[in-house]
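Biologist: I should like to go through this model with you, one topic at a time. Please show the sequence and the coordinates before we begin.

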Protein chains: 2
Amino acid sequence: MTSIDDVAAALGVSTATVSRALRGLPGVAEETRARVTTTAKRLGYVPSSAASGLASGRTMAMGVLLPAIDRWYFSAVLEGVDRRLRAAGYDLIVFSLGGDGVNRDRVFHRSILRKRIDALLVMCMHLTDEEREAVQQLEYPHIVVGGAVEGVRHVGIDDAQAARDAVEHLIALGHTRIAHMRGGGSFDIDFEVPRQREQAFRQTMADHGLGIREDWSAFGDFTFATSRVSALALLADPADRPTAVFCSSDEMAFGVLRAAAELGIGVPGELSVIGIDDHEFAAPMGLTTIRQDPADQGAYAADLLLGELLRNEPAEYPPSRPHLLVERASTGPAPV
Amino acid sequence: MTSIDDVAAALGVSTATVSRALRGLPGVAEETRARVTTTAKRLGYVPSSAASGLASGRTMAMGVLLPAIDRWYFSAVLEGVDRRLRAAGYDLIVFSLGGDGVNRDRVFHRSILRKRIDALLVMCMHLTDEEREAVQQLEYPHIVVGGAVEGVRHVGIDDAQAARDAVEHLIALGHTRIAHMRGGGSFDIDFEVPRQREQAFRQTMADHGLGIREDWSAFGDFTFATSRVSALALLADPADRPTAVFCSSDEMAFGVLRAAAELGIGVPGELSVIGIDDHEFAAPMGLTTIRQDPADQGAYAADLLLGELLRNEPAEYPPSRPHLLVERASTGPAPV
DNA sequence: ATGAAAGCGCTAACAA
DNA sequence: TTGTTAGCGCTTTCAT
């Protein structure tokens with residue numbers, strides 16, 4: 001491996017000059033910089049991140065802590081984060097807690113604190129008290145994306161308002177018999193988000209003088225499969241079923257749509273379904289939903305951290321990102 | 001930040017002893033090791049990865065190069081890789097080429113070669129000649145997951161056989177009018193995989209003496225939305241349409257199912273649909289498919305690299321992972 | 001079983 | 001504008 005010394009020796013200049021030239025620092029004659037650049041390329045020199053990290057205290061890497069990679073929301077956020085980091089020349093290190101609790105604290109103690117990263121982005125999820133504390137006490141910039149985590153700043157959509165918008169869309173269509181497909185639960189994925197959406201659902205119903213039936217609060221676990229099974233039960237009785245279902249996520253909405261199709265229930269004629277997310281499948285499925293843009297959220301958070309790294313001072317920022325009602329074919333007037 | 005020297009000083013031992021004790025190396029009295037461990041924990045000592053990487057030449061990180069994070073296959077592979085790495089105490093660095101070609105070569109030259117990682121896992125995708133060469137000449141262990149990349153070893157399912165199994169399932173059900181929903185195209189995602197599946201489709205049809213209609217080779221781009229639109233056209237004419245569609249991926253199969261539903265075509269009564277993947281939505285959708293396990297492929301590849309890192313010699317290994325026909329409700333006998 | 005000391009390859013004062 | 005020189009915090013011989 002050719003090192004900075006090789007380049008310096010080849011040109012008869014000092015390593016400091018090579019370093020400055022290559023990093024675009026001022027105080028290097030343009031002619032010198034050109035020669036250095038050329039020679040470095042010719043020798044195939046690539047700086048060692050370990051060495052520069054050790055010397056400068058900057059790793060040029062950012063970490064993302066998440067409960068699972070292979071879920072729509074998280075992978076989309078990741079994509080947004082990555083785009084920004086790439087542009088800034090930063091590398092992305094992913095810490096997934098991946099289902100089993102095994103190695104959870106190893107992640108915390110070995111990696112997150114290991115000076116491997118300059119900043120950390122935490123995806124909304126349930127943390128133990130100890131873990132939360134570890135995050136709070138991080139010495140470098142950090143932020144939560146998605147739901148709130150106590151004592152840590154965060155960015156995300158206004159979950160309560162998003163849920164309210166969805167429910168009010170149904171109410172405006174004349175629905176009064178509205179069920180809720182809830183998320184959260186088996187995954188450690190989150191606590192705050194499902195709770196806020198649920199609470200907003202209840203509050204909105206109450207604000208409009210509509211009653212809530214506890215047996216119409218179905219558990220969908222944020223997944224297609226669980227939601228489908230729940231919906232099959234929820235919609236089983238033609239004589240007594242909701243005319244609309246507010247789903248706390250699109251994936252659960254797909255489960256409800258599927259259940260309706262299996263039961264021969266017409267959408268939106270007999271049943272309206274609305275979700276939250278605007279998942280990739282929502283448009284082709286004709287699903288009405290509240291759009292959020294996870295990639296934007298990730299990019300926004302990454303920008304924030306990158307900015308703080310640059311200016312070395314905390315940023316002022318509005319914590320909430322926009323959402324938008326997208327009307328498609330899965331919602332319509334309440335049946336008479 | 002407390003360093004190894006602080007720990008050593010606190011105990012009145014040398015840094016070498018602390019290092020040995022903490023890394024579980026032999027030649028340390030158990031009593032000493034215990035004292036070191038305790039003190040290190042008390043002082044909140046966490047070794048710096050940059051320093052140890054610089055000194056030892058090991059970064060304890062593995063890279064994954066992929067065209068996009070937020071797609072089913074890739075995020076699932078990532079999950080499998082991550083699980084293994086976590087267990088081995090390795091960190092995961094993700095290099096996404098993410099759509100736009102911007103910064104592509106920066107990824108190659110700045111990150112991959114930057115001694116930041118001990119090994120690289122490349123997700124099947126289209127690489128420029130120069131990029132392919134860069135990968136081939138990597139000095140550390142590397143492997144491709146998914147489709148083949150010329151000149152680099154790889155692991156994945158036997159795509160040709162998987163496609164053949166799918167098509168023969170349809171043929172065994174009596175279908176002769178079989179269409180193909182093809183993937184590949186707009187994403188740089190892949191070249192080899194869609195081609196192999198297409199070729200196997202053609203070969204299998206020919207082997208069974210069945211004709212192929214070029215207008216029944218539809219382009220689905222590996223996505224739900226594109227496939228749905230293609231299928232809408234493919235299935236438009238009740239008097240002249242296929243009785244079965246072989247889809248090169250589940251997401252495209254969902255598009256075909258959706259199109260069939262919109263057109264009022266009964267599945268599997270009038271139309272059989274089969275996919276490849278066993279996507280999370282396949283079971284609740286009742287989709288017959290060829291199951292593959294991306295997480296397993298990722299884990300397998302990661303294990304391989306980890307093993308080589310450990311033993312310092314290339315591993316012998318079977319390049320192909322299993323696939324399995326999963327019969328569900330979307331395929332049935334050809335209509336008479 | 002432990003310690004001393006020489007780097008690993010860079011960056012960042014400080015000089016010149 | 002360029003060079004000199006300390007480190008950054010570990011690992012790893014080589015001694016002891």
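The exchange below concerns the two chains, their contact and the DNA strands.

Modeller: This is a predicted model, in which local features need pLDDT of at least 70 and side-chain atom pairs count only at pLDDT 80 or more, while totals for chains, interfaces and linings use all residues. Residues are numbered from 1 along each chain as its sequence is written, chains are lettered from A and ligands numbered from 1 in the order in which they are written, and side-chain values use heavy atoms, with hydrogens and water left out.

Biologist: Which relation superposes chain B on chain A?

Modeller: In general, two copies of a chain are related by a rotation about an axis and a shift along it. Here the rotation is 180° and the shift along the axis 0.0 Å, with an RMSD of 0.1 Å, for a least-squares superposition on the C-alpha atoms of residues with pLDDT of at least 70 in both copies. The relation is therefore that of a two-fold axis.

Biologist: What percentage of the contact residues of chain B recur in chain A?

Modeller: Contact means heavy atoms within 4.5 Å. On that basis 62 residues of chain B and 63 residues of chain A take part. The same surface serves both copies, and the share of contact residues of chain B that recur in chain A is 100%.

Biologist: What area is buried between chain B and chain A?

Modeller: Buried area is the accessible area (1.4 Å probe) that two parts lose on being put together, summed over both. Carbon and sulfur atoms give 53% of it here. In chain B, the residues that lose the most area to chain A are B:Arg86, B:Lys115 and B:Arg116, together 13% of what that side buries. The total buried between the two chains is about 5200 Å².

Biologist: Why does the salt bridge of A:Arg116 and B:Asp91 join two chains?

Modeller: A salt bridge is a side-chain nitrogen of Lys or Arg within 4 Å of a carboxyl oxygen of Asp or Glu, and for A:Arg116 and B:Asp91 the closest N and O atoms are 2.4 Å apart. The count is 4 salt bridges between chain B and chain A and 48 over all chains. A:Arg116 lies in the loop between helix 6 (104-112) and strand 3 (119-123) of chain A, so the pair joins two chains, its partner B:Asp91 being in strand 2 of chain B.

Biologist: Which element gives the most residues to the side of chain B that touches chain A?

Modeller: Helices (H or I, at least four residues) and strands (E, at least two) are DSSP runs, numbered from the N terminus. Elements that give two or more residues to this side include strand 2 (91-96), helix 10 (224-234) and helix 11 (250-263) of chain B. The greatest contribution, 8 residues, is that of helix 5 of chain B.

Biologist: Which residues come nearest to DNA strand D?

Modeller: A residue is near a strand if one of its heavy atoms lies within 4 Å of it. Of the atoms of DNA strand D within 4 Å of the protein, 70% belong to sugar or phosphate and the rest to bases. Among the 25 residues around the strand, those that come nearest are A:Ser14, A:Arg20, A:Thr32, B:Ile4 and B:Ser19.

Biologist: What part of DNA strand D does a polar side-chain atom of A:Arg20 approach?

Modeller: A polar contact is a pair of N or O atoms within 3.5 Å; within protein, one must be able to donate a hydrogen and the other to accept it, and residues adjacent in sequence count only if both atoms are side-chain atoms. A polar backbone atom of B:Ile4 lies 2.7 Å from a phosphate oxygen of the strand. For the side chain of A:Arg20, the partner at 2.8 Å is a base nitrogen.

Biologist: What distance separates a polar backbone atom of A:Ile4 from a phosphate oxygen of DNA strand C?

Modeller: A:Ile4 is one of the residues that come nearest to DNA strand C. Other phosphate oxygen pairs of this strand involve a side-chain atom of A:Arg23, at 3.2 Å, and a backbone atom of B:Ala29, at 2.8 Å. For the backbone of A:Ile4 the distance is 2.4 Å.

Biologist: Where is A:Pro268 placed in chain A?

Modeller: The peptide bond from A:Val267 to A:Pro268 is cis, with omega near 5°. A:Pro268 belongs to the loop between helix 11 (250-263) and strand 9 (272-277).
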